[in-house]
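Please explain how this protein model is built, beginning with its overall make-up and then turning to selected parts.

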Amino acid sequence: MAKRVYQVWKGSNYFFLGGRLIFGPDAKSLLISLLLIIVPVTVFCVFVARHLRHEFSSYNAGYAILAVAIIFTIHVLALLLLTSARDPGIVPRNSHPPEEEFRHEFSASVEGGRQTPILQFPRTKEVIVNGMPVRVKYCDTCMLYRSPRCSHCSICNNCVERFDHHCPWVGQCIGLRNYRFFFCFVSSAMLLCIYVFAICALYIKVLMDDNQGTVWKAMKESPASVILMAYCFISLWFVGGLTGFHLYLISTNQTTYENFRYKAENRINVYDLGCLNNFMEVFCTKVKPSRNNFRAFVPEEEPRPPLPTTREAEVEMGDQDQRMKVEDDLDFGGDLLKISQRHNIEDIEADIRSRGSDVHHHNSSEADSVLGSDRRAPNVQSEVRNSSWGRRSGSWEIASEKSNVAESRSHVAPNEQYQ
């Protein structure tokens, strides 16, 4: 039976509802975030907002306080789930490296000077973004070149587009497809803290007016209000500071990863389009669809021809070396033949010069014929040497030349006797 993509997923994610929801490996921390939101709001609704229902008699405004708290809490929880339960912009990994990027290089081996082929792969390459060159890196895990602003999350084990950071509070990476919801979640949580803090302070003021007592007496009468105010004050430092920081990042079109990594390098931000356009890019552009269909069935891959291994390449190089060695031996044999012919010619010329002057003209003609045949021998040999019988044919040429020399000497001897 064919499996679905989420069942054979190589990342560290958790899937629920048949691959419809995707969480990070630390999804359990999401439960802590839910408790940190739900429990304080529940305490607020039971011990504070419930007592304020009848304090504002006109139009029953007291019920609005309770309703706003519940609706706003549901809004914050929905943004939290949209942030943590969706694809943040995961780049599908390749099943094999891109073959068009391979470079074949050879390295000399220590033993015998043999060259071993090595598959070289460029680790980086440059792309143009807004008219500026940007260097992108190759990911060994996903076997692809990361797009600009893409980074590999070591926790989720995925390459994420426009990677911002991995948030343990939501148990998910923050990237291209969920950054908008993450910022809305953080800013909404900040507004919820401010709302609860303000209503608790209002309730203490109402208690002071009703009992005409001091603030200490009112705080003793409603300890839940004091605890909630302290909790919201501490939480505001966290979510409020995070909201302010991301407002700065959005206005300058940076990510958290880029801000912390490249801040000291004083790099030019090629993605900055101006403050207004940067906010428009984050909040007013359409969210790109996911590049992964986690519920799709995994297609069967056709077997690919294997890349040449090092051993096969060495065998091929060995065959080439053997052919080159045979050609070198043939050239060396031809050189020896030429040397032997040159020595025979020199011996004949010395023998002729040792004869008497009176038979010089008669012998010179015969010597010239012999020399002419000897000088033509290399040309014949150069044609014969191209065949596989080059060496033996060369030996036959030498034998024929020796017979010619013997015949010439037999002709010269009677003439000398005659003289």
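The paragraphs below go from the whole protein to a sheet, two loop residues and the cysteines.

This is a predicted model, in which local features need pLDDT of at least 70 and side-chain atom pairs count only at pLDDT 80 or more, while totals for chains, interfaces and linings use all residues. Residues are numbered from 1 along each chain as its sequence is written, and side-chain values use heavy atoms, with hydrogens and water left out.

The secondary structure of the protein comprises ten helices and eleven strands. Both kinds of element are DSSP runs numbered from the N terminus, helices being H or I with at least four residues and strands being E with at least two. Of the 419 residues in the protein, 36% are buried; the term means under 20% relative accessible area, whereas exposed means over 50% and partly exposed lies in between, using a 1.4 Å probe and protein chains only. Among the contacts in the protein with a separation of 6 or more, 63% join residues 24 or more positions apart, a contact being heavy atoms within 4.5 Å.

Three strands form an open sheet in the order 5-6-7, with antiparallel pairing. Strand 5 (124–129) and strand 7 (144–145) are at the edges and have a single partner strand each, so one side of each is left without a neighbour in the sheet. Two strands are taken to pair if DSSP finds at least two bridges between them. Strand 5 and strand 6 are joined in the antiparallel sense by six bridges, and here Lys-125 stands opposite Val-136 in strand 6. Strand 6 (residues 132–139) pairs with strand 7 over two bridges, again in the antiparallel sense, and Tyr-138 faces Tyr-145 in strand 7. The hairpin of strands 5 and 6 has two residues between the strands, and Asn-130 takes a positive phi near 55° in this hairpin. In the hairpin of strands 6 and 7, with four residues between the strands, Met-143 takes a positive phi near 55°.

Asp-87 belongs to the loop between helix 2 (61–84) and strand 3 (103–108). What is the nearest side chain of opposite charge to Asp-87? It is Arg-177, 4.3 Å away, and the buried Asp-87 has no salt bridge. Such a bridge requires a side-chain nitrogen of Lys or Arg within 4 Å of a carboxyl oxygen of Asp or Glu; Lys and Arg count as positive, Asp and Glu as negative, and His and the chain ends are not counted. The side chain of Asp-87 does make a polar contact with the side chain of Asn-292 at 3.4 Å. A polar contact is a pair of N or O atoms within 3.5 Å; within protein, one must be able to donate a hydrogen and the other to accept it, and residues adjacent in sequence count only if both atoms are side-chain atoms. Leaving aside residues up to four places away in sequence, Asp-87 touches several residues, including Ile-22, Ser-290 and Phe-294.

Thr-285 is found in the loop between helix 7 (275–283) and helix 8 (310–353). Thr-285 is partly exposed, with a relative accessible area of 37%, and its side chain reaches the backbone oxygen of Glu-281 at 2.5 Å.

How many disulfides does a search of the whole structure find? The search finds zero, a disulfide being a pair of cysteine sulfur atoms within 2.5 Å. For Cys-150, the closest cysteine sulfur is in Cys-159 at 4.6 Å, too far for a bond. Cys-153 has its closest cysteine sulfur in Cys-173 at 3.2 Å, also too far for a bond. Cys-150 is buried, with a relative accessible area of 10%, and Cys-153 is buried with a value of 3%.
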